[in-house]
Amino acid sequence: MPHEIWYMRGSAWLPNGREGMIMVDIEQFNVQLEALGKALAHARRVLITAPGAADGDSIGSQLALRRMIELRFPQIEIRIINDEPLPERYRFLPEVENVDTPESYAKLNGDLQFDLGFIVDGGLDRAGRVREVFERCPATVFVDHHAISAEYPYTIRLVEPRASATTELIYHISQSPGFATPVSPNFAQQIYLGLIFDTGFFRHSNTTPEVMELAAKLLRTGFDFTRVGERGMLERTFTSLKLLSDTLSRANLSLDGKIIWSKLTQETLRAFNAADDDREGIIDHLFLTHGIEVAVLFFELPGKQTKISLRSQGKLDVAAFARSLTERGGGHQKAAGANLELSIDQAEPWVLQRLQAQLTGQAGKY
Ligand SMILES: [Mn+2]
């Protein structure tokens, strides 16, 4: 029966990084959806988790998924548990209560046995301590728009790499006949947050006409989209503002202004009394400097490791560059990152030298 998931245009083979290929096939997708309905009909306790610290797409997805399930299956007890606490910036969202960490859940004397576990917007490898709880679920569901993490034997997979955000995918699942979730203003803003987060306010190349059409549909419910955008995406703490200004003031150019980079050490974090995620968005300011081709932010991690974030205007594929540095590097063509087993003082000249060689076409064999 044709229904709302019409835009998943038939079947297509899609690249899946180094892990082979996965196939998105609309009939297969509907088989998975049917299996989901059956699994939920028998479930009493459901776990929802996402990798790492929640971002706009993963928290929006988790909240919308909970709403979608509880409206259709009110008998189910649903728990959202993530390895890290919900960042402050998302606490304005409606229905955000009862998002737990393993600690806060333990304080409730919560039962750790669930019938069905969902992981959204990324694979289990980054689920931290929740992985153990998830793996104890007799049935599991993977909902994602990344074509990665396909190797874990999830019972049900709802993956669509052409969806701009996991919330876009969840919206379409929620409108399938088995759920038919009413699109309330609350539900709409959970979906919307995922869209603006993953498309960078409808700027990135994943901004399809379908995303814009969906956003229009959501806006018609009348929620305060200015507030969702400002609080969920743009607002910074004062600490984070100071850290931003400090890091930008120390930015450097090289290769005739084609490369811009800056660095952020643990010492600086301590000096500003800042947390790791206060560095969010710094790379975008570097990247939006006129005339540059590539932006790099070096971020010192404890234990002589360095995380680099990369942004490219498009000439250089920074995902390929990140992978050339380490097999733990990757991302997208224009936005990528890598964790290096080097101190920040070693990483800086090493990465810059390789980057210059790449941009001048003088790269040796890696
Ligand atoms: Mn996402």
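**Two domains, two sheets**

Between domain 1 and domain 2, the interface comes up empty for charge pairing: zero salt bridges are found across it. The model is a predicted one, and polar contacts give a similar blank there, with zero residue pairs across the interface of domain 1 and domain 2 (counting pairs with both residues at pLDDT 80 or more). On the side of domain 1 that touches domain 2, three residues are nonetheless charged, one is nonpolar and none is polar.

As for the layout, the domain assignment splits the chain into domain 1, covering 15–233, and domain 2, covering 238–359. Four residues of domain 1 and six residues of domain 2 make up the contact. The C-alpha centres of the two domains sit 29 Å apart. Interface size is often quoted as the accessible area that goes missing when the parts come together. Here domain 1 and domain 2 bury about 350 Å² between them, and carbon and sulfur atoms account for 40% of that.

Turning to the strands, there is an open sheet with parallel pairing, built from six strands in the order β5-β4-β3-β6-β7-β8. Its edges are β5 (99–100) and β8 (156–159); each has a single partner strand, so one side of each goes without a neighbour in the sheet. At the β5 end, the partner is β4 (residues 77–81), and the two strands pair in the parallel sense over two bridges. In this pairing Ile80 faces Val99 of β5, the two standing opposite each other.

The same pair of strands also carries a charged link. Side chains of opposite charge can pair up when their charged atoms come close. Arg79 does this with Asp100, forming a salt bridge in which the closest N and O atoms are 3.6 Å apart. Because Arg79 belongs to strand β4 and Asp100 to strand β5, the pair ties together parts that are 21 residues apart in sequence. The structure as a whole holds 19 salt bridges.

A further open sheet of six strands runs β9-β10-β11-β12-β14-β13, this time with mixed pairing. Here β9 (252–254) and β13 (330–331) are the edge strands, each with a single partner strand, so one side of each is left open, with no neighbour in the sheet. Strands of a sheet pair through backbone hydrogen bonds, in either a parallel or an antiparallel sense. For β13 and β14 (residues 335–340) the sense is antiparallel, with two bridges joining them. Gly330 stands opposite Gly337 of β14.

Conventions
Residues are numbered from 1 along each chain as its sequence is written. This is a predicted model: local features need pLDDT of at least 70, side-chain atom pairs count only at pLDDT 80 or more; totals for chains, interfaces and linings use all residues. Side-chain values use heavy atoms; hydrogens and water are left out. Domain bounds come from an automatic or database domain assignment. Contact means heavy atoms within 4.5 Å. Buried area is the accessible area (1.4 Å probe) that two parts lose on being put together, summed over both. A salt bridge is a side-chain nitrogen of Lys or Arg within 4 Å of a carboxyl oxygen of Asp or Glu. A polar contact is a pair of N or O atoms within 3.5 Å; within protein, one must be able to donate a hydrogen and the other to accept it, and residues adjacent in sequence count only if both atoms are side-chain atoms. Ala, Val, Leu, Ile, Met, Phe, Trp, Tyr, Cys and Pro count as nonpolar, Asp, Glu, Lys and Arg as charged, and the others, Gly among them, as polar. Two strands pair if DSSP finds at least two bridges between them. Helices (H or I, at least four residues) and strands (E, at least two) are DSSP runs, numbered from the N terminus.
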